[in-house]
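Here is a friendly briefing to read beside your model. Please have the sequence and the 3D view open as you go.

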2 protein chains.
Amino acid sequence: MLTKNHIKLIASLHQKKYRQQHGLFVVEGVKGVQEFLNSHYELFHLFATAPIFDAKTIEISDKELNKISQLKSPNKALAVFRIPQQKMMTPRGLVLALDDVRDPGNLGTIIRLCDWFGIENLVCSKATVDCYNTKVVQATMGSLTRVSIQYVDLEHYLKSASIPVFGTFMDGDSIYSEELPTEGIVIMGNEANGISDAIAKLVTKKLRIPRFGRLQATESLNVATATAIVLSEFKRS
Amino acid sequence: MLTKNHIKLIASLHQKKYRQQHGLFVVEGVKGVQEFLNSHYELFHLFATAPIFDAKTIEISDKELNKISQLKSPNKALAVFRIPQQKMMTPRGLVLALDDVRDPGNLGTIIRLCDWFGIENLVCSKATVDCYNTKVVQATMGSLTRVSIQYVDLEHYLKSASIPVFGTFMDGDSIYSEELPTEGIVIMGNEANGISDAIAKLVTKKLRIPRFGRLQATESLNVATATAIVLSEFKRS
């Protein structure tokens, strides 16, 4: 049975403050819920309109699901999982670091890219949008279960790292002609401002994604598409 | 002065039917409006809260702007421009073709990518989201003024093309090891279903974006990030 306390809890989890307080987050839809059930994530509550899953389910009506869902067309299930303890990983292999990426859709897309390109370690500055934000979770399409994410003081993290640090800038060297190593930290910047000055100082190799337009008027690429191009270049060689 | 007819016209332009009927579309924000004013687009109406532009302006109050804007935080200006006559271009150089891309944000991002990579000719199937949709126009950040877009019967278009046709599929050859030509049509598919069967039959060379994840569980890339990787590969060589 769906209780008032359930409704109140789920509504509160749309705010970062309460996600952190309860250590819980929301996943919606049959496919998304199944991906998290199959993963190392620990289930807290599972609501579904039918006995779909091989897990303890609170059966609810379509009307009740509509009440707790944030989706325009809710898809049969909503689950609450525990936020795992953040693992502090030593930078090794290829690490992606985000300097204040704010858009949930962008972060979700970037987590999918990490999953695709086998980047197991995604590092986010404290001001980057929360990866347990409901919109991020939806946009990752389950990739969140396979990518380890840590929120850090990025300046401190980079200062103590012993592997090369890459970032893209307008005045960097073409990413197409550089020999790119298999180990390093690649920084992608904020949607409006790019990589901040404090972080740019810690970059050991400046790269550039060449622009081909005849008019050369495009100002920038979206951060998720730029990440796609950069990760593809690091991995292709 | 902002009249009732202005308000009614602008509201109607959020629907494709009325955009086509009137041959008009909406651009919002100082930067976006300026990009269209500097381009070949023909201005129909310009509303602004101050005399910002070197063009005939209907001055309105902030409250009036709020009334006609679709943005959460309207930015001083809203303009109505004429939809230009669609130019039928013979496929030449590198052409990007979209097979039913439905999400306005994705189309906007793809138009920015075309601008960045110097793709001057973007071809869309009839079911692809309208490029004069307000959300698309906002997402293109002015790139719409530099990329020529045509809506076509894609099957017919490909059948009559005399240059190679590329598409990405799970069973294609790695895009990293193929010699990619400077001339060809690259097809990107629908968000949920990829390239449709009818269109897949017309592909002359199947490509694949290799996946690197240890778990190999990611199902797909977002269409805009996949487009970024594919265009980067075609252009880098």
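What rotation superposes chain B on chain A, and with how much shift along its axis? A rotation of 180° with 0.0 Å of shift does it, at an RMSD of 0.0 Å (the fit is by least squares on the C-alpha atoms of residues with pLDDT of at least 70 in both copies). The two copies are thus related as by a two-fold rotation axis.

This is a predicted model, in which local features need pLDDT of at least 70 and side-chain atom pairs count only at pLDDT 80 or more, while totals for chains, interfaces and linings use all residues. Residues are numbered from 1 along each chain as its sequence is written, and chains are lettered from A and ligands numbered from 1 in the order in which they are written.

**Confidence**
- The model has an ipTM of 0.91 and a pTM of 0.92.
- Chain A has an average pLDDT (the predictor's confidence in each residue, from 0 to 100) of 94, and 97% of its residues score at least 70.
- Within chain A, the mean is lowest, at 92, in helix 6 (residues 134–140), and highest, at 98, in strand 4 (residues 77–82). Helices (H or I, at least four residues) and strands (E, at least two) are DSSP runs, numbered from the N terminus.

**How the copies meet**
- The copies meet through the same surface, because 96% of the interface residues of chain B are also interface residues in chain A.

**Domains of chain A**
- Chain A splits into domain 1 (4–82) and domain 2 (94–236), with bounds from an automatic or database domain assignment.
- Their C-alpha centres are 30 Å apart.
- Domain 1 of chain A brings 13 residues to the contact and domain 2 of chain A brings 7 (contact means C-beta atoms, placed from the backbone, within 7 Å).
- On the domain 1 side, helix 2 (16–22), strand 1 (24–28) and helix 3 (30–37) of chain A each give two or more residues. Strand 1 of chain A gives the most, with 4 residues.

**The sheet in chain A**
- An open sheet of 6 strands runs in the order 7-6-5-9-8-10, with parallel pairing (two strands pair if DSSP finds at least two bridges between them).
- Strand 7 (148–152) and strand 10 (205–208) of chain A are the edge strands, each pairing on one side only.
- Strand 6 (residues 121–125) of chain A is joined to strand 7 of chain A by 5 bridges, and Val123(A) has Gln150(A) as its bridge partner in strand 7.

Note on methods
Contact = placed C-beta atoms within 7 Å.
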